[in-house]
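The exercises below are meant to be worked through with the coordinates open, and each is followed by a solution in steps.

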Amino acid sequence: MHRYRSHSCNDIRSDQAGETARLSGWVHRKRDHGNLLFVDLRDHYGITQCVLDSSSAIFAAVEAVRLESVICVTGRVVRRSAETINPNLPTGEVELQVESFEMLAPADPLPLQVNSDEDYGEEVRLRYRFLDLRRDKVHRNIILRSAVIASIRRRMVELGFMEFQTPILTSTSPEGARDFLVPSRLHPGQFYALPQAPQQ
């Protein structure tokens, strides 16, 4: 079995009940029902519900994990009872009964909730962009943008177009690296600079 996963968090289905699976991802949501702890584990592909019984030796450790921590869990795939099936998830007919758990990257307290659609304002969202990009709406927009660009590129190539990446001239920025300067033809004594980083 792979070190971190045997399936993505969108792969497991009811016909795999009884099999052992290993998943890795972000802790999206936790629900403590006393004797049972439910953890929604999320990766790029989807969400799988994981469950632990209070008699488990790792119950307290998983219960203490903060949201958005990255964990790896291994356990047995079981079918959910009819009344607990979630039709909104592709994995909604099953859950993973966790038998072992590994913390891969603990999270600090979150300045904004990834599992919420609450509007935190542009300033907070831009300051914590690495969290904002994990939120469902933004994540779906990124995937859609990638699909649209890939479709345009494919259609253009099919029509015989070619794609070139040429050097970009821009104003200099104080990043500490040495600039590659290009004299301006229209403005004597002034220069353009080749960008130092892709984000420019």
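**Exercise 1.** Which residue ranges does the domain assignment of the protein give for domain 1 and domain 2?

Solution. The model is a predicted one, and the assignment places domain 1 at residues 19-105 and domain 2 at residues 122-159. Taking the centre of each domain over its C-alpha atoms, one then finds a separation of 28 Å between them.

**Exercise 2.** Compare the expected span of helix α4 with the distance between its end C-alpha atoms.

Solution. Helix α4 covers residues 136-158, which makes 23 residues. The expected span is 1.5 Å times one less than the number of residues, and for α4 this comes to 33 Å. The end C-alpha atoms are 33 Å apart, so the expectation and the model agree. Continuing just past α4, one meets G160, whose phi is positive at about 95°.

**Exercise 3.** Describe the largest nonpolar core and the surroundings of L23.

Solution. The core comprises 20 residues, and those with the most contacts inside it are L23, L41, C50, V73 and L96. Two or more residues come from each of β1, β2, β3, α1, β4 and β5. Leaving aside residues up to four places away in sequence, L23 touches, among others, L41, V73 and L96, and also Y4, R5 and H7.

**Exercise 4.** Which elements give two or more residues to the lining of the largest pocket?

Solution. The largest pocket has a volume of about 400 Å³. Its lining counts 22 residues, of which H28, R42, I47, D136 and H139 are the closest to the centre. The elements that contribute two or more lining residues are β1 and α4.

Note on methods. Residues numbered from 1 in each chain as written. Predicted model: local features only at pLDDT ≥ 70, side-chain atom pairs only at ≥ 80, totals over all residues. Heavy atoms only, no water. Helix = DSSP H or I, 4+ residues; strand = E, 2+ residues; numbered from the N terminus. Domains from an automatic or database assignment. Core = buried A, V, L, I, M, F, W, Y, C linked by side-chain atoms within 4.5 Å. Buried < 20%, exposed > 50% of the residue type's maximum accessible area, 1.4 Å probe, protein only. Contact = heavy atoms within 4.5 Å. 1 Å grid on protein atoms, 1.4 Å probe; cavity = no way out; pocket = protein on both sides within 12 Å on 5 of 7 lines; lining within 4 Å. Points joined across faces, edges and corners; volume = space filled by probe spheres on them.
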